[in-house]
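Please open the model in your viewer and keep the selection panel at hand. The tour proceeds by selections.

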Amino acid sequence: AARLWLYLMERDYNGAKAFAAKATDEVKRMSSFWLIVGTVAHAQGNLEEARQANAEAKRIALASLLQRPDNPEALGELAFAEAALGRKEEALRHARHATEILPPSADALAGPMCENRLAQVLAMTGDRDGAFDKLGKLVKLPFGLNHGDLKLNPMWDDLRDDSRFDRILAESALPLAPNG
C-alpha cells in the first residue's frame, strides 16, 4: 500500500493502476488499498470504478469494526469511504468519533492521524472552513501534518485555490516551536 501511495503522491495514476493490478490478496484485504484505488480512479475521471473501490473499502472497514468497534483507524477509513461515496453525515460522524476515541492528547502519533483524516473528510464534504481550522492546528503538532504531505497529497487539491492553504503550507515548512 505504501508504494501505491507513492504513485498517488507523484500523480502517476497509470503507474498506480498498474501496481494495484499486481497487488497480493493480502494487500487487497486492506481498506486503505481500496481508498487509494478509488482516489486514483476518481482522479482519472472513472467515477464508477471509484465508487466500486470505495464501496469495497467501506465493506472491509465495516468488517474490521465488527471485530473492534472502537478502532479509530477503521473508523477513519470508513469515514473516508463514506465521504467518497457522498454520504456526508455518516462520514463526518465516523471521522469525529475516531478523533474522540484517540485525540492527540491521548496519543501523540496516532491522534494527529485521526485529526488528519477528519480534515480530509471535512475537505471532501465541502466544509472548507472546518478543514482549514484542522489543518492550521495539525501543522503545529509533532506528527501532525507535514510540509511534504500538504504540498504533494492530492487530498488537498480542492483547497489549493484558497489563500489560507498558502499560509498553512508556508507555516508547515517552518520548524515546530519547542513544546509543539
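The stops below concern a pair of helices, then a residue in a helix, then a residue in a loop.

The model is predicted: local features need pLDDT of at least 70, side-chain atom pairs count only at pLDDT 80 or more, and totals for chains, interfaces and linings use all residues. Residues are numbered from 1 along each chain as its sequence is written, and side-chain values use heavy atoms, with hydrogens and water left out.

**The helix pair.** Select residues 47-67, helix H5, and residues 72-84, helix H6. Helices here are DSSP runs (H or I, at least four residues), numbered from the N terminus. The two axes come within 8 Å and cross at roughly 150 degrees; axes are lines fitted to C-alpha atoms over the stretch in contact, with angles from 0 to 180 degrees between N-to-C directions. H5 and H6 are therefore roughly antiparallel (an angle over 145 degrees).

**Leu 35.** Next, select Leu 35 in helix H4, residues 31-43. Leu 35 is buried, at 4% relative accessibility (buried means under 20% relative accessible area, with a 1.4 Å probe and protein chains only). Leaving aside neighbours within four places in sequence, its contacts include Asn 54, Ala 57, Glu 77 and Ala 81 (contact means heavy atoms within 4.5 Å).

**Thr 125.** Finally, select Thr 125, in the loop between helix H8 (110-124) and helix H9 (128-138). Thr 125 is buried, with a relative accessible area of 14%. Its side chain reaches the backbone oxygen of Leu 122 at 3.2 Å. Not counting residues up to four places away in sequence, Thr 125 touches Ala 83, Lys 88 and Leu 92.

Key:
Helices (H or I, at least four residues) and strands (E, at least two) are DSSP runs, numbered from the N terminus. Angles under 35 degrees count as roughly parallel, over 145 as roughly antiparallel, 65 to 115 as roughly perpendicular and the rest as oblique. Buried means under 20% relative accessible area, exposed over 50%, partly exposed in between (1.4 Å probe, protein chains only). A polar contact is a pair of N or O atoms within 3.5 Å; within protein, one must be able to donate a hydrogen and the other to accept it, and residues adjacent in sequence count only if both atoms are side-chain atoms.
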